[in-house]
Amino acid sequence: MADKPTVVLVHGFWGGAAHWAKVVVELRDRGFGSLFAVENPLTSLADDAERTRKMVRQVNGPVLLVGHSYGGAVITEMGDLPNVTGLVYIAAFAPDAGESPGQLSQEMPPAAFDNLAPDSDGFLWIKQDKFRESFCQDLSEDEALVMAVTQKAPLASTFGDTVTAPAWRAKPTWSQVSAQDRMIDPNNERRMAERMQPRKVIELATGHASLASQPLRVVDLIETAAGDVPG
């Protein structure tokens, strides 16, 4: 276990650290002894990047950052820390300098765009009765129901927060594209992956919640990245 980096998992919008549950168990079973899943407030990119930055700074040794969905923007913003050895993007945003997840989504609107609903306090939700078809169509009805009821809504303004200095321009990257994603257009994921020039890209025939529907393949990619940047 000593030769493996610490893996820090970063969730996206409409979910929390528990979305990584299956990935965490599989990583443990494959000998990853140092694992953390940050719980971000989803109040602004600056807030989320700082929360993740504080967690990474507590780790003594190399860190492999793994971001899902908006979590990709978070690791892009704060992944320049010296002990971060690589960035893994799981059906994720990878903005360039001056870009925001909202801008990227407007350029290529996702299929489930109309299933988002703002509330009177400025938070943005996925309509519960549309959650499964939007976010995790290849999970069971029960799993999707739990995700829908426990979803963690971001402040809608966070969509417009821009990245300052993208860490993927200086750090090695790996990318997983979800070919049936309805929350980020698959062609958008492909475009972002291509410009990062990752060491490896895999494409899975799955929806947005690939971390839950295809955890073995996601962990395969994380394990490949960890082997390229060992602790």
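Which side chain meets that of Lys152 in a salt bridge? In this predicted model, the partner of Lys152 is Glu39, with an N to O separation of 3.3 Å. Lys152 is located in the loop between helix 6 (141-149) and strand 7 (173-178), and Glu39 in the loop between strand 2 (35-38) and helix 2 (45-57), so the bridge ties together parts that lie 113 residues apart in sequence. Both ends of the pair are partly exposed: the relative accessible area is 22% for Lys152 and 39% for Glu39.

Side chains of opposite charge can pair when their charged atoms come close. The search of the whole structure returned 12 salt bridges. One of them joins Arg191 to Glu107, with the closest N and O atoms 2.8 Å apart. Arg191 belongs to helix 7 (residues 186-196) and Glu107 to helix 4 (residues 101-107), so this pair ties together parts separated by 84 residues in sequence. Arg191 is partly exposed, at 30% relative accessible area, and Glu107 is likewise classed as partly exposed, at 40%.

A further salt bridge is formed between Asp29 and Arg28, where the closest N and O atoms are 2.6 Å apart. Asp29 has a relative accessible area of 53% and is exposed. Arg28, at 49%, is partly exposed; the two residues fall into separate classes because the exposed class begins over 50%. Salt bridges also link Glu26, Arg30, Asp220 and Glu223 into a network.

Arg191 has a polar partner in addition to Glu107. Its side chain is joined to that of Asn188 by a polar contact of 2.9 Å. Asn188 is placed in helix 7, the helix that also holds Arg191. Whereas Arg191 is partly exposed, Asn188 is buried, with a relative accessibility of 0%. When neighbours within four places in sequence are set aside, the residues in contact with Asn188 are Leu104, Ser105 and Met108. Helix 4 spans residues 101-107, and Leu104 and Ser105 are among the contacts of Asn188. Asn188 and His11 are 177 residues apart in sequence, and their C-alpha atoms are 19 Å apart in space.

Aromatic side chains were examined next. The count of aromatic pairs comes to five. In the pair formed by Trp14 and Phe159, the ring centres are 6.0 Å apart and the planes meet at 45 degrees, so the arrangement is tilted. Trp14 lies in the loop between strand 1 (6-10) and helix 1 (21-29), and Phe159 in the loop between helix 6 and strand 7, so the ring pair ties together parts 145 residues apart in sequence. Both residues are buried, Trp14 at 3% relative accessibility and Phe159 at 16%. Trp14 and Phe159 also take part in a cluster, in which ring pairs link them with Phe13 and Tyr70.

The loop between helix 6 and strand 7 thus contributes Phe159 to the ring pair with Trp14 and Lys152 to the salt bridge with Glu39. Of these two loop residues, Phe159 is buried, while Lys152 is partly exposed.

An aromatic ring is also met by a charged side chain. Lys4 lies over the face of Phe32, at 4.6 Å from the ring centre.

Notes: Residues numbered from 1 in each chain as written. Predicted model: local features only at pLDDT ≥ 70, side-chain atom pairs only at ≥ 80, totals over all residues. Heavy atoms only, no water. Salt bridge = Lys/Arg side-chain N within 4 Å of Asp/Glu carboxyl O. Buried < 20%, exposed > 50% of the residue type's maximum accessible area, 1.4 Å probe, protein only. Helix = DSSP H or I, 4+ residues; strand = E, 2+ residues; numbered from the N terminus. Phe/Tyr/Trp six-rings, centres within 6.5 Å; stacked < 30°, edge-to-face > 60°. Lys NZ or Arg CZ within 6 Å of the ring centre and 35° of its normal. Contact = heavy atoms within 4.5 Å. Polar contact = N/O pair within 3.5 Å; in protein donor to acceptor, adjacent residues only side chain to side chain.
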